[in-house]
Amino acid sequence: TSGEARDKKGLMSSLNSTTPSQPPSFLLLGIPGLEKEQFWIAFPFCIMYAIAVLGNIILLIAIKTESSLHEPMYLFLAMLAFTDLVLSTSMLPKMLTIFWWGSGEIGFVSCLVQLFFIHTFTAVESGVLMAMALDRYFAICYPLRHSSILSMPMVTALGNLVLLRGVLMVSPMCFLLHRKDFCQHRVISHSYCEHMAVVKLVCEDTRVNAIYCFLVAIAVATFDITVIVLSYTMILRAVLRLSSSNTQHKAINTCVSHVCVILPFYISAIFTYVTHRYGHSIPQHIHILVANLYLLVPPTLNPIIYGVRTKQLRDKIVVLFQRKGI
């Protein structure tokens, strides 16, 4: 309506008229170029978020309540489910308020907090996927030593290390932004507080921010992908040496779920990075749509993939629902 348009223009002008070094708030636009379609785009996003929340909570409850699932594979899966819950919840509720009610204003500190959680738990998810690949490697290549290598203290240490790595790598991004002087322009052409989208509003030299963000992304992705690729290369070599085709099938089947989880995460991540950095001919709304799906699709698919592909987990979930009388 014209009244809402005047209110948005008034908000944008008030945001642009202030001149403190740190702005009181930003204005998230959502998906520039698809303002009229945002209302309808929000519905499939909301459905995906509901599936992600429900599916990952069910996984966490099943793994917590069933002692037979207290094994490295399922404990890493619980870490992945928790990470997916934090990641999707960090961005989608605010995004829905933008799409449905046009409420794009977000405080400066709230924006940095959202940025911190999104980037930290993206790195954590990558680290958990790497740890799950290592678990499959030891389970298949060293089955007799698997439980001793990946003992409960080791699994806990790996989880804490992955979380600590994410926090230590992302915290400097927020610290550097907090010390910068921002221009009068307060409008973020995105649907959430993404690091480089916020950096564009800084009036000072931002080369340090851009270089640090690039190095963190390359370091995390290169290390984790290398470990995953090496793990599955060794797994494939070990499986091909097995004499029984039935044993080969069982060994490969245990890895299929994990591979199905890895591919959507890294393919969408690489596509998002490449199009953001080099795809200048691609419309901005495509960039932002892909960035949104990158954070939403893995949390939605992961519990479905593991629930369908992993028989032991599927059976325990069925038992859990029968106990609840559902």
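User: Before we start, what does it take for two residues to be in contact, and which residues does Leu163 touch beyond its neighbours up to four places away in sequence?
Analyst: Contact means heavy atoms within 4.5 Å. Keep in mind that this is a predicted model. Leu163 sits in helix 6, which covers residues 152-178. Leaving out residues up to four places away in sequence, the ones Leu163 touches are Phe121 and Val124.

User: How far apart are the C-alpha atoms of Leu163 and Ala123?
Analyst: Along the chain, these two are 40 residues apart. In space, the separation between the C-alpha atoms of Leu163 and Ala123 is 8.3 Å.

User: Is His146 buried or exposed?
Analyst: First, place it: His146 belongs to helix 5, residues 146-149. Not counting residues up to four places away in sequence, His146 touches Pro72, Asp135, Phe138 and Ala139. The cut-off for buried is under 20% relative accessible area. His146 has 13%, so it counts as buried.

User: And what does Leu163 count as?
Analyst: The class between buried and exposed runs from 20% to 50%. Leu163 has 35% relative accessibility, so it is partly exposed.

User: At what angle do helix 2 and helix 10 pack?
Analyst: Helix 2 is residues 38-65 and helix 10 is residues 284-309. Their axes lie 8 Å apart, and the crossing is left-handed. The packing angle is about 35°.

User: How many residues of the contact of helix 2 with helix 10 are nonpolar?
Analyst: Helix 2 brings residues including Ile41, Phe45 and Met48, while helix 10 brings Leu289, Leu293 and Pro299 among others. The contact has no charged residues and 4 polar ones. The nonpolar count is 14.

Key:
Residues numbered from 1 in each chain as written. Predicted model: local features only at pLDDT ≥ 70, side-chain atom pairs only at ≥ 80, totals over all residues. Heavy atoms only, no water. Helix = DSSP H or I, 4+ residues; strand = E, 2+ residues; numbered from the N terminus. Buried < 20%, exposed > 50% of the residue type's maximum accessible area, 1.4 Å probe, protein only. Axes fitted to C-alpha atoms, helices over the stretch in contact; angles between N-to-C directions. Left-handed = near helix turned anticlockwise from the far one by under 90°. Nonpolar A, V, L, I, M, F, W, Y, C, P; charged D, E, K, R; others polar.
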